[in-house]
Amino acid sequence: MSRIDALFARSPAFIGFTVAGDPGIEASLRVAKAMIEAGVDLLEIAIPYSDPVADGPVIERAHVRALRAGTTTDDVFALVRRIREHAPALPLVLFTYHNIIHRRGPDRFFSEAAAAGADGVLIVDLPVEESGEVAPCAARYGIDRIALIAPTTSPERQHAILSGASGFVYLISLEGVTGERDRLPPGIAGLVGAVREKTGLPLAVGFGVSRPEHVRTVVAAGANGVIVGSALVRLIEEHAGDEAGMQDALRAAIAALRRGLVPDPEPDIP
Amino acid sequence: MKAGRYGVYGGQYVPETLMSALIELEETYGRIREDPGFSRRLSWYLREYAGRETPLTYCGNLSRDLGCRVYLKREDLLHGGAHKLNNTLGQALMAKFMGKRRLIAETGAGQHGVATAIAGAALGLPVEVYMGEVDTRRQALNVFRMELLGARVVPVASGTRTLKDAINAAMRDWVANLRETHYLLGSCVGPHPFPRIVRDFQSVIGEETRRQILEREGRLPDTVVACVGGGSNAIGIFYPFVGDDVALVGVEAGGEGLDSGRHGASLSAGSVGVFQGALSYLLQDGDGQALETHSVAAGLDHPSVGPEHAMLKDSGRVRYEAVTDAEALHAFRRLSRTEGIIPALESAHAVAYALRAADDLDKDGILVVNLSGRGDKDVADVANLHGGVA
């Protein structure tokens, strides 16, 4: 059983996101370790990219910080390798924009990702229509290709997307880019329900999920996991230059968000 | 060739959220192309409002100097001062047909922003224009013009704070608001169907040029020259000539020289990559990160180019050359003095190449230069570059 399958066998899962190399490549390893220690069940690691159009301002600034720190794709694979050594059982998913893969060549990219210890790859700007070149490479190296479904995805497209997906399905909660929101859109339960009918794969919800009550809503809707990015990345930015404080803040935030995974206890009725 | 592809180039490399909007756009565009009501309205706007057709001006003084027959396709005389209005009127009308209530756009030199603001005002659609903070400063006059036309200009402070970041910001806005908003893309770049839509709306330039030169000279030109940033004015004038025995030359921003690394010549010095929704040539590093670009012309200061140009380069049908900032500035002055026409700095790149290319033509040779826009917006900038000395 793959590490991702093993994780979702005991879901719901808390998935944390970080940009590799933010704020620097060595600090990034310590951030990942702190997140793991605080209880992320799966770590999603973004390869920094110059033009992250699916991301909101908080994560975009993290990409910029990582690139300014000199982070290369080689550095990201080296980071994944070190995280893998630190946490042998933890599922790791690379989050990337397609040009990173295109430039390296899909075969080389997936072979290096697998060798580093990645379990899955999520390509945020590669819709199913364009994935023909990438799919066989991912399969060749045993890497799950995490599919994305948006609220705007038609039922026909959902079907096409799901037919090639493995690992888990990333449900985008809202029409927009990544970033914290006060509340999740009301349609999220419907989206989880509709996709649940079409696939046996685990469903994880991301984009906008940033508070314990969001986590609770998503889990109550029947999702197998939540993905939190901007709310954690913001803490890295806010604690620039204070690494101990940064790690404490990440631990506290993850602990609080994780509490949303557990259903509310029944109120005591005298 | 697969729909949405130019050879291997083009495609739709976008977040899943945008796919429904691209599919809707493709369907709408397919429908309106067959709709006589749409063509009639667009023709009316182009003729009565925008001032088409634009003249094909014979340049007697320059022709005498260069020893061949030089014509300028006068897109600088289009309402708004540049070719951009062909596309913005077309797309704004299309947005109305789609029931969209808001237009967003991005702009580098400001001309596309102005043209979108004009089309929005004419057709009663509110407009927001994303513009890199650096560009808002170097094109302050166009910012004022957009605001005067009722558009809201949003300065973009991320990344290099130029056109590419403005495009990223506009794409983000679109992802968040695609039900009521049409993203009015300003060049033949981006995911399918944008490169096709923009090329079709800009092809009016080449269709008129072809007809006009046949009327005037009784034959087709030897060479057609146009500047290439994203490449919309170039594809607009080239496309109707692609099947003819006419040399087509696209002129890119050579900046401080191709060896300096400070330029915007993605076809001359870039490599194949995926950028802002399409596979094309891109200025990128070994990891696929887009590189910073430079041009004295804000409208050419972009790391990638439309996918159809990528195909035309590979097939050899169009030759792509680069012209430096210095050459463009020289051409800017020379055209102003010899013909009394101040070109946009973008268009000055095409003029600069024409000055070079004329050597290869004899006195009966016909050279057409697409004068994609007028230089009023650049006058203060050029004056500052040279301490106010013209």
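Where in chain B does Glu53(B) lie? I looked this up first and found Glu53(B) in the loop between helix H2 (36-49) and strand S3 (56-58) of chain B. I stopped there for the backbone: Arg52(B) and Glu53(B) are joined by a cis peptide bond, with omega about 0°.

**Confidence**

I am reading a predicted model. I noted an ipTM of 0.94 and a pTM of 0.95 for the model. For chain B I have an average pLDDT of 94, and 99% of the residues score at least 70.

**Backbone entries**

I kept a general expectation in mind: most peptide bonds are trans, and most residues other than glycine have a negative phi. The entries here depart from it.

In chain A I found a cis peptide bond from Asp22(A) to Pro23(A), with omega near 5°. I placed Pro23(A) in the loop between strand S1 (13-19) and helix H2 (25-38) of chain A.

Next I took up Phe207(A), which is not a glycine but has a positive phi of about 75°. I located Phe207(A) in the loop between strand S8 (203-206) and helix H10 (212-220) of chain A. Is Phe207(A) buried or exposed? I have Phe207(A) down as buried, because its relative accessibility is 6% and the cut-off for buried is under 20%.

I made a matching entry for Gln276(B), again not a glycine, with a positive phi of about 45°. I find Gln276(B) in the loop between strand S11 (271-275) and strand S12 (278-282) of chain B. The relative accessible area of Gln276(B) is 9%, so I list this residue as buried.

**Lys84(B)**

I then went to Lys84(B), in helix H4 (residues 84-97) of chain B. Which side chain of opposite charge is nearest to Lys84(B), and how far away is it? I get Glu106(B), 6.7 Å away; Lys84(B) is buried and has no salt bridge. I checked what the side chain of Lys84(B) does reach, and noted the backbone oxygen of Gly186(B) at 3.2 Å. Leaving out residues up to four places away in sequence, I list Gln111(B), His112(B), Ala115(B), Gly186(B), Gln202(B) and Ser232(B) as touching Lys84(B).

**Chain B against chain A**

I turned to the interface last. How many residues does each chain bring to the contact? I count 36 from chain B and 35 from chain A. The buried area between the two chains is about 2,900 Å², and carbon and sulfur atoms give 46% of that. I noted that Glu16(B), Arg172(B) and Asp287(B) supply 25% of the area that chain B buries against chain A, more than any other three residues.

For the polar side of the interface, I have 21 residue pairs in polar contact between chain B and chain A. I also have six salt bridges across the interface. One entry I wrote out in full is the salt bridge between the side chains of Glu16(B) and Arg157(A), at 2.7 Å from N to O.

I then sorted the chain B side by element. Helix H1 (16-33), helix H8 (163-177), S11 and S12 of chain B each supply at least two residues of the side that touches chain A. Which element gives the largest share of that side? I find H8(B), with six residues.

Definitions and conventions. Residues numbered from 1 in each chain as written. Chains lettered and ligands numbered in written order. Predicted model: local features only at pLDDT ≥ 70, side-chain atom pairs only at ≥ 80, totals over all residues. Heavy atoms only, no water. Helix = DSSP H or I, 4+ residues; strand = E, 2+ residues; numbered from the N terminus. Buried < 20%, exposed > 50% of the residue type's maximum accessible area, 1.4 Å probe, protein only. Lys, Arg positive; Asp, Glu negative; His and termini not counted. Salt bridge = Lys/Arg side-chain N within 4 Å of Asp/Glu carboxyl O. Polar contact = N/O pair within 3.5 Å; in protein donor to acceptor, adjacent residues only side chain to side chain. Contact = heavy atoms within 4.5 Å. pLDDT = per-residue confidence, 0-100. Buried area = accessible area lost by both parts, 1.4 Å probe.
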